[in-house]
Amino acid sequence: MMKKIFSFTLICGFVANYCATAQTNLTKYVDPLIGSAAHGHVFVGANVPFGAVQLGPANVFGGWDWCSGYNYVSNTITGFTHTHLSGTGIGDLNDILIMPATGPAQADYVATFSHENEVSRAGYYSVQLDKYQIKAELTASERVGFHQYTFRTQDNPHIMLDLSTGLGWDTPTKTYVKQIDATTLVGYRFSKGWANDQRLYFAVKLSQPLSGIKLTDSLTILSGTEGEGKRIKAVINFNTINNGVLKLKVGLSPVSYENALLNLNTEIPYWDFDKVRAAADRKWNKELSKIEIKADASTLKKFYTAMYHAMFAPSLFNDVNGDYRGTDKKVYPKANFTNYTTFSLWDTYRAFHPLYTILHPEKVSDIVNSFLAIYKQQGKLPVWHLMGNETNTMIGYHAVPIIADAYLKGFKGFDTNLAYEAAKHSAMQKVDGIDYAQKLAYIPADKVIEAVAKGLEYAIDDWCIAQMAKRMGKTDDYVYFSKRAGLYALYFDKQTGFMRGKLEDGSWRTPFDPVASKHREDDYTEGNAWQYTWLVPQDPKGLVKLFGGERGFTSKLDSLFSISSEMAEGSSPDITGLIGQYAHGNEPNHHIPYLYAFAGQPWKTANIVRKITDSLYTVKPDGLCGNEDLGQMSSWYIYSALGFYPVNPANGVYIFGSPAINDAVISLADNKKFHIKVVGNSNRNKYIAKVVLNGKNYTRSYLLHQTIINGGELVLYMSDKPSSIWGVAPKNRPIR
């Protein structure tokens, strides 16, 4: 009898495991090619969530739309590189290029390919190189790229290891390679680019012994098996390729090539390519399964591809032993936190990082600790940090909302006093017009470029500092930073109804055209007055008052979405995805559709949100209407598809919109679940008519972060008729 029970238990366990595996097979919905054409700039290749390695193809560089190294319109490959950016507006990285080849050695290697012979999945990429008749397959672990090349001919098979090639502004400053033995090479590539002083070390393991190696530095041929120079290349030769298949493992490290070899041997100590590919798939499924949705086929693909894109960064910037290189270029051994890099904070503070407090709470404290380490090493919080370098790209001090959000939501594991010190330090710098805010004054447009955009962004960050100060009992700071948070009103011209540049003498800048936009040369940052007038997510009710009340506010907001989308000559290329003058392709606009809820017209939010989710996100290669920006564009979609969005990035309040899904289960910490059930959803039924939370009618137009993480069930009943169902509008309130 016991034997039967035991057998039955085994069978049940097997079935349960099988079902769990089947239920979490979500990578089948991921299409990495979405956003790879037009201005999406997404990375295409093999990686794992948050990995230091992004191993993928490099096209012949074609300009701005090749910032990731790849664009779908290309049919050329120059090799496969191990570091990439995803969705940025500036190109860099593309380090450690490897290209398999046959025939005579060449100075440069370029092969054509067809998308018909290209496979791109989460954690796996393959392509046929037409010129060399080689099938290239790629997969990865966190710090190691794994290549598998199948040769159809044995005509002088070899590998090009190119340390000279980079992307965008990148140029090498010192490169080095050394053959350790017949199957091992090590080296480094130091470069100067967007990351001003990048230091990347590598180790290469071959699945079979090489027959010889030839080194060059630019046009100079080097002797021996070791070389240092500015543009080192190595041709790695083989007599034959055993069974026609050659495998390579490439480990990376920011510290040393000894650590790169340690990373390689620790993460992938074997030669089973399929095992590594399967492991990468499991890692992606594990993360994707944090939200399991039911929806139509298109929404499933858009949603899980968005989740996939929202987990490329922040990326690991340490070794398996905890070592990392700081922004001061010192090595910090065996750190007691996971160090991250690649922080596009002007973009990601808006929704990407708030989303992490729900889906990746285990990473929040490590991200804050990475910020604080950077603060101690470079003397200020990160602005746009890349590979241990401060790029100082874009405006604001937007590490602050991320720190404040973590603190106000009760995250532990970091020094809160140091965090407040760092946040306050950001607001007390004497650069970029911050000194005017310190005097509770506007930033004069004839003294500081992009004065309006900077003033509005600083006010958001200062609101966040004020909330931290209030929670920490720092009353004087709370009062002071609350006043600074209200300085946005000084840029509002009641005559025109726009946020405008004001000169030192107190007059408005003239002539004034609210559509005009000169890229990084006027009073705005990648935008115009129509778009920046709404950048007050910390105080929407105050913004409503500036317009004289809800009627004036909603009338102006209606005009934003209905006027001509024609842009003035010389406008920023980042102003894309236009609905009227609303530009969904650029992040300062992302909260705007949800502002209707603050004026009692949530059905208008539903109209605009549905229009965006249905038309500006598609399943095609050009399926993103603007730069992905390291996950912010996708985070907007994830939130909005679920039915809500964080207008204020740090108060733990999510405004209802119009869900694209029919059902969603969010897996939370401590095995809790938050179930969202959408009843009667359709293209026509896009308006929320009734809300039931945990079995009780719910009459608020927003949802609290605490409500979600407590777990429970939210039921949204949809209708084809616009309605204002809520008796309590969202307030400008910190989380409680």
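I take buried to mean under 20% relative accessible area. With that in hand, I began with a pair: aspartate 493 and arginine 500 are both buried. Their side chains meet in a salt bridge, at 2.9 Å from N to O. A reminder to myself before going on: this is a predicted model.

**Entry: the whole chain**

I stepped back for the overall picture. I found 18 helices and 38 strands in the chain. Its radius of gyration is 26 Å, close to the 27 Å that the globule rule gives for 736 residues, so I can call the chain as compact as a globular protein of that length. I also looked up the extent of the C-alpha trace, which spans about 80 × 80 × 50 Å along its principal axes. Of the 736 residues, 63% are buried. Then I turned to contacts with a separation of 6 or more: residues 24 or more positions apart account for 69% of them.

**Entry: the cores**

Which residues touch the most other members of the largest nonpolar core? They are Ile291, Phe303, Met499, Leu642 and Ile676, in a core of 150 residues. Helix H11, residues 451-471, gives the most to this core, with 13 residues. I noted a second, separate core as well; it has 60 residues, among them Val127, Tyr149, Ala195 and Phe238.

I picked methionine 499 for a proper look around. Setting aside residues up to four places away in sequence, Met499 touches Val452 and Leu456, and I could place both within the 451-471 range of helix H11. The aromatic names on its list are Tyr488, Tyr491, Phe492, Tyr524 and Tyr532. The list is completed by Ala529, Thr533, Val536, Leu543 and Leu546.

**Entry: salt bridges**

The count came to 22 salt bridges. I went through some of them in turn.

Aspartate 462 and arginine 484 form one, with their closest N and O atoms 2.9 Å apart. This pair links distant parts of the chain: aspartate 462 sits in helix H11 and arginine 484 in helix H12 (residues 475-485), 22 residues apart. Is aspartate 462 buried or exposed? Its relative accessibility is 0%, so it counts as buried. Arginine 484 is also at 0%, so I put it down as buried.

Next I looked at aspartate 197 and arginine 199, whose salt bridge has its closest N and O atoms 3.0 Å apart. Aspartate 197 counts as partly exposed because its relative accessibility is 25%. For arginine 199 the value is 25%, so partly exposed is my note there too.

I also found a network of salt bridges, which links Glu287, Lys290, Glu362 and Lys363.

**Entry: aspartate 65**

I saved a curious one for the end. Aspartate 65 is buried yet has no salt bridge. How far away is the nearest side chain of opposite charge? That side chain belongs to arginine 520, and it is 16 Å away.

So what does the side chain of aspartate 65 make a polar contact with? I found the side chain of histidine 39, at 2.8 Å. Leaving aside neighbours within four places in sequence, I listed the contacts of aspartate 65 as Ala38, His39, His41, Tyr70 and Asn71. As for its place in the fold, aspartate 65 lies in the loop between strand S1 (56-58) and strand S2 (76-77).

Key:
Residues numbered from 1 in each chain as written. Predicted model: local features only at pLDDT ≥ 70, side-chain atom pairs only at ≥ 80, totals over all residues. Heavy atoms only, no water. Core = buried A, V, L, I, M, F, W, Y, C linked by side-chain atoms within 4.5 Å. Buried < 20%, exposed > 50% of the residue type's maximum accessible area, 1.4 Å probe, protein only. Helix = DSSP H or I, 4+ residues; strand = E, 2+ residues; numbered from the N terminus. Contact = heavy atoms within 4.5 Å. Lys, Arg positive; Asp, Glu negative; His and termini not counted. Salt bridge = Lys/Arg side-chain N within 4 Å of Asp/Glu carboxyl O. Polar contact = N/O pair within 3.5 Å; in protein donor to acceptor, adjacent residues only side chain to side chain. Rg over C-alpha atoms; globule rule 2.2 N^0.38 Å.
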